[in-house]
Amino acid sequence: MAVLTSICLFLLLIAMAAALAQDQGTRVGFYSYSCPQVESIVKETVTAHFNSNPTVAPGLLRMHFHDCFVRGCDASILIAGSATERTAGPNSLLRGYEVIDDAKTRLEIACPGVVSCADILALAARDSVLLTKGVGWKVPTGRRDGRVSVASETANLPAFFDSIVVQKQKFADKGLNEQHLVSLVGGHTIGTSACQFFWDRLYNFNSTTGNGADPSIDPAFLPQLQALCPQNGDANRRVALDTGSADTFDGSFFRNLKNGRGVLESDQKLWTDASTRSYAQRFLGMRGLQALSFNVEFGRSMVKMSNVGVKTGTEGEIRRVCSAIN
């Protein structure tokens, strides 16, 4: 009887400790005991897909960002179905869903019902940066998955045409400041954009310039963009967001902004606006300013963003399949 009582007490203490840990929110090593192989499984899965299709790296990074800006980092972007976030315009060209699905399948075999899809996505985003020669960071885990996904709520996402004032407000609404804004937009150092998202800058910009182009575009760069995205051409053609370094995670994105070679209007505005330009200049180590390491600050900003609106403890659920609620 005494042995049985001791066992029951021991199990109760374990349950209490687990509940307490969940109430404390995310933390590095959340799965140390319940699924110690989680990070290696996610990394192996992302790497395998990256080796056959490198475009999944920027795709997964964008996906995590888009997920966190709508209902918090709860994997609501992964839910399939009509009128879900996944079907909305800003998410229609995202890549990498199959990577998360594959990682989840492997984790359900290794640790059934333990690892959330939201955490898989956060880890995959970090691994994507590492695979493109960026610097990694320790990812706090312990998120749970949301049960709601609504396409119309993607209006909260920063848009390619947003002014700096609007960008700042959208980030501030998530508890993120100007430095976080510039750092996270710097994630455009890898990946591409479709022509449809910057066509107006090339031909129909609201300005007094004779050719109808955005005057902030380097005149030598404009013909290159117009050749890649001719008027009435393929709206879905992909163009590198960081010219000359689209496959490497580095600070060259900010040098392109300095030279008027930002592709998206919202990106170039980081340089034309004085309040955000100072951070871009510091990432470039410009004389007279205290230098900042882009890779370091990007990691810090990702940790901050990845804790936006997270569900922990008894909130949400641990989905069995990432594309559907239980």
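Here are some informal notes on this predicted model, meant for someone opening it up for the first time.

1. **The main pocket.** A good place to begin is the largest pocket, which has a volume of about 940 Å³. It is lined by 46 residues, and those closest to its centre are Arg62, His66, His188, Thr192 and Leu241. Several elements give two or more residues to this lining: the helices α3, α6 (164–172), α7 (178–185), α11 (265–272) and α13 (294–305), along with the strand β1 (192–194). Helix α3 gives the most, with six residues. As for character, the lining of the largest pocket divides into 27 nonpolar residues, 13 polar ones and six charged ones.

2. **A little enclosed space.** Besides that pocket, there is one cavity of 30 Å³ or more in the structure. About 40 Å³ of space lies in this largest cavity. To find it, look for His64, Ala122, Trp137, Val139, Met302, Val303 and Ser306, which line it. Five of the residues in the lining of the largest cavity are nonpolar and two are polar, with no charged ones.

3. **The nonpolar cores.** In soluble globular proteins, nonpolar side chains tend to be buried together. Here the largest nonpolar core has 65 residues, and Leu78, Phe254 and Phe298 are those with the most contacts inside it. Helix α5 gives the most to this core, with nine residues. Apart from it lies another core, of 15 residues, including Ala213, Phe221, Leu241 and Val263. Leu241 is worth a second look, as this residue is also among those closest to the centre of the largest pocket.

4. **Phe254 in close-up.** What does Phe254 touch, not counting residues up to four places away in sequence? The list is Val182, Gly186, Trp271, Ala280, Phe283, Leu284 and Phe294. One of these, Val182, is a buried residue of α7, and that helix is the next stop.

5. **Helix α7.** Why is α7 described as largely enclosed by the rest of the structure? Six of its eight residues are buried, so the helix has that description. The buried ones are His180, Leu181, Val182, Ser183, Leu184 and Val185. What covers them includes α3, α6, α10, α11, α12 (274–283) and α13. At the start of α7, a side-chain oxygen of Asn177 reaches to within 3.0 Å of the backbone nitrogen of Gln179. Recall that α7 also gives two or more residues to the lining of the largest pocket.

6. **Arg261 and its partner.** Arg261 is in the loop between α10 (252–258) and α11. Its side chain makes a polar contact with the side chain of Asp218, at 3.1 Å. Leaving out residues up to four places away in sequence, Arg261 touches Asp218, Ala220, Phe221, Gln224, Thr243, Asn256 and Gln268. Phe221, in that list, belongs to the core of 15 residues.

7. **Two aspartates in helices.** Asp127 sits in helix α5 (residues 117–131). Is Asp127 buried or exposed? At 3% relative accessibility, it counts as buried, because the cut-off for that is under 20%. Not counting residues up to four places away in sequence, Asp127 touches Val42, Lys43 and Val46. If you want a sense of distance, the C-alpha atoms of Asp127 and Gly316 are separated by 25 Å, with the two residues 189 apart along the chain. Asp200, meanwhile, lies in helix α8 (residues 199–203). Asp200 touches Phe205 and Gly212, again not counting residues up to four places away in sequence. From Asp200 to Ala213 it is 13 residues in sequence and 7.6 Å in space, C-alpha to C-alpha. Ala213 is another member of the core of 15 residues.

8. **Two backbone oddities to check.** Ala75 has a positive phi of about 60° although it is not a glycine. Ala75 is in the loop between α3 (56–68) and α4 (97–110), and it is buried, at 0% relative accessibility. Asn232 also is not a glycine, yet has a positive phi, of about 65°. This residue is found in the loop between α9 (222–228) and β2 (238–240). Asn232 is exposed, with a relative accessible area of 79%.

Methods
Residues are numbered from 1 along each chain as its sequence is written. This is a predicted model: local features need pLDDT of at least 70, side-chain atom pairs count only at pLDDT 80 or more; totals for chains, interfaces and linings use all residues. Side-chain values use heavy atoms; hydrogens and water are left out. Helices (H or I, at least four residues) and strands (E, at least two) are DSSP runs, numbered from the N terminus. Buried means under 20% relative accessible area, exposed over 50%, partly exposed in between (1.4 Å probe, protein chains only). On a 1 Å grid over the protein atoms alone, a cavity is a set of points where a 1.4 Å probe fits but cannot get out, and a pocket is an open set with protein on both sides within 12 Å along at least five of seven lines; lining residues have an atom within 4 Å of a point. Grid points are joined across faces, edges and corners, and a volume is the space filled by probe spheres set on the points. Ala, Val, Leu, Ile, Met, Phe, Trp, Tyr, Cys and Pro count as nonpolar, Asp, Glu, Lys and Arg as charged, and the others, Gly among them, as polar. A polar contact is a pair of N or O atoms within 3.5 Å; within protein, one must be able to donate a hydrogen and the other to accept it, and residues adjacent in sequence count only if both atoms are side-chain atoms. Contact means heavy atoms within 4.5 Å. A nonpolar core is a set of buried Ala, Val, Leu, Ile, Met, Phe, Trp, Tyr and Cys residues joined through side-chain atoms within 4.5 Å.
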